[in-house]
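Visitor: Please pick one spot in this model and give me a close look at it. Then work outward, so that I can place it in the rest of the chain.

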Amino acid sequence: MPSDDWKLYGFAPVPRDPEVLFKDHPTASGPNPKQDLFVVDDFPLPDTPLVREVRAFAQKELDEQTFNHSNRVFVYGAALVKTHFPEWKFNETPSALETYALSCLLHDIGTAEKFLATTYMSFEFKGAIVARDLILSLGGPEPEADGVCDAIIRHQDIFVKGGNITMVGQILQLSTILDNVGLRANLVHPRLIETTTAKFPRKGWSEHFARVIEKELTLKPWCHTSTFEVPNWKAGVQSNFATDVRGNDVMRPFD
């Protein structure tokens, strides 16, 4: 394992718990966090052969709502880091930005029709394996494939308080939960949300994703998504996670 690969592919350790990450933060804490006036076109996907091939795969396998969500997640995360963590030099490190783009495009690949109901595994874990295999098959570097796999596996570890996570993994968590339930949407400018949802429309994403959650819980009541639910969750019990997703008031005007 080369000693400096972690610097290239976003493996730098950062606190897992956003409450720790943002505590007394100079631009992200308090009632009026900094909101740089960005628009969606400020954050195009990296134009690399690997991203182009992975994007084509994701667009083929995912439904339109999930594919659009994956693109929005990339934009929100790239903007959030540029405003609040410029010292990470994330957007200025092409290999790390590409790793993040691949993670975004593939983070929900496990919910695709081809995969969700054809495995006993939780969708994040199956999707992470699919993503890693795909990137390697396309000639991507193994550390990059590992970084994407790690980020996808952990992208719903929302309730883990201790320890660290990779930089890419943290950005993916922050941006997915922003799009799904509106959490910390005040860290980005409203104009960014307006332009991003115009370019990558939600098309009822809140209801769509809530139904995906309920489908996986029904198919696989042991799945990792059940960590959002009451202990010993059983079919017939209303999903807390699906309820939170449907209750996304921040994104309701754009749904």
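Guide: Let's start at C223, which is buried because its relative accessible area is just 1% (buried is under 20%, exposed over 50%, partly exposed in between, with a 1.4 Å probe and protein chains only). Before we go further: this is a predicted model, so local features need pLDDT of at least 70 and side-chain atom pairs count only at pLDDT 80 or more, while totals for chains, interfaces and linings use all residues. Numbering runs from 1 along each chain as its sequence is written, and side-chain values use heavy atoms, with hydrogens and water left out.

Back to that cysteine. The closest cysteine sulfur to the one in C223 belongs to C149 and is 18 Å off, so the two are too far apart for a bond. The disulfide count comes to zero, taking a disulfide as a pair of cysteine sulfur atoms within 2.5 Å. C104 is in no disulfide either, and its nearest cysteine sulfur, again that of C149, sits 15 Å away. C104 also counts as buried, because its relative accessibility is 0%.

Now for the helices. Helix α5 covers residues 94–106 and packs against helix α3, residues 49–61, at an angle of about 5° with the axes 9 Å apart. That angle makes α3 roughly parallel to α5. As for the cut-offs, under 35 degrees counts as roughly parallel, over 145 as roughly antiparallel, 65 to 115 as roughly perpendicular, and the rest as oblique. The axes are lines fitted to C-alpha atoms over the stretch in contact, and angles run from 0 to 180 degrees between N-to-C directions. Helices themselves are DSSP runs of H or I with at least four residues, strands are runs of E with at least two, and numbering starts at the N terminus.

Who meets whom there? On the α3 side you have L50, V51, V54, R55, F57 and A58, and they meet E98, A101, L102, L105 and L106 of α5 (contact being heavy atoms within 4.5 Å). Sorted by class, that contact has nine nonpolar, no polar and two charged residues. Here Ala, Val, Leu, Ile, Met, Phe, Trp, Tyr, Cys and Pro are nonpolar, Asp, Glu, Lys and Arg are charged, and the others, Gly among them, are polar.

F67 links up with this pair. F67 is found in helix α4, and it touches R55, A58, Q59, L62 and L105, leaving out residues up to four places away in sequence. At 6% relative accessibility, F67 counts as buried. The C-alpha atoms of F67 and F200 are separated by 8.6 Å, although those positions lie 133 residues apart along the chain as a sequence separation.

Further along, A78 is also in α4, which spans residues 64–84. A78 is buried at 0% relative accessible area, and its contacts, not counting residues up to four places away, are F43, N91 and Y100. A78 and I171 are 93 residues apart in sequence but 8.0 Å apart in space, C-alpha to C-alpha.

L21, in helix α2, tells a similar kind of story. With a relative accessible area of 11%, L21 is buried, and beyond its neighbours within four places it contacts V14, P15, F85, W88, Q170 and L174. L21 and Q170 are 149 residues apart along the chain, with C-alpha atoms separated by 9.7 Å.

Two loop residues deserve a look at their backbones. Most residues other than glycine have a negative phi. D24, in the loop between α2 (18–21) and α3, has a positive phi of about 55° without being a glycine; at 66% relative accessibility it counts as exposed. K89, in the loop between α4 and α5, has a positive phi of about 50° and is not a glycine either, and it counts as exposed at 53%.

Finally, the whole chain. It has 12 helices and two strands, running α-β-α-α-α-α-α-α-α-β-α-α-α-α from the N terminus. Of its 255 residues, 55% are buried. Among contacts between residues at least 6 apart in sequence, 77% join residues at least 24 apart. The radius of gyration is 17 Å, which agrees with the value near 18 Å for a compact globule of 255 residues; it is taken over C-alpha atoms, and the globule rule is 2.2 Å times the number of residues to the power 0.38. Along the principal axes, the C-alpha atoms fill a box of roughly 45 × 45 × 35 Å.
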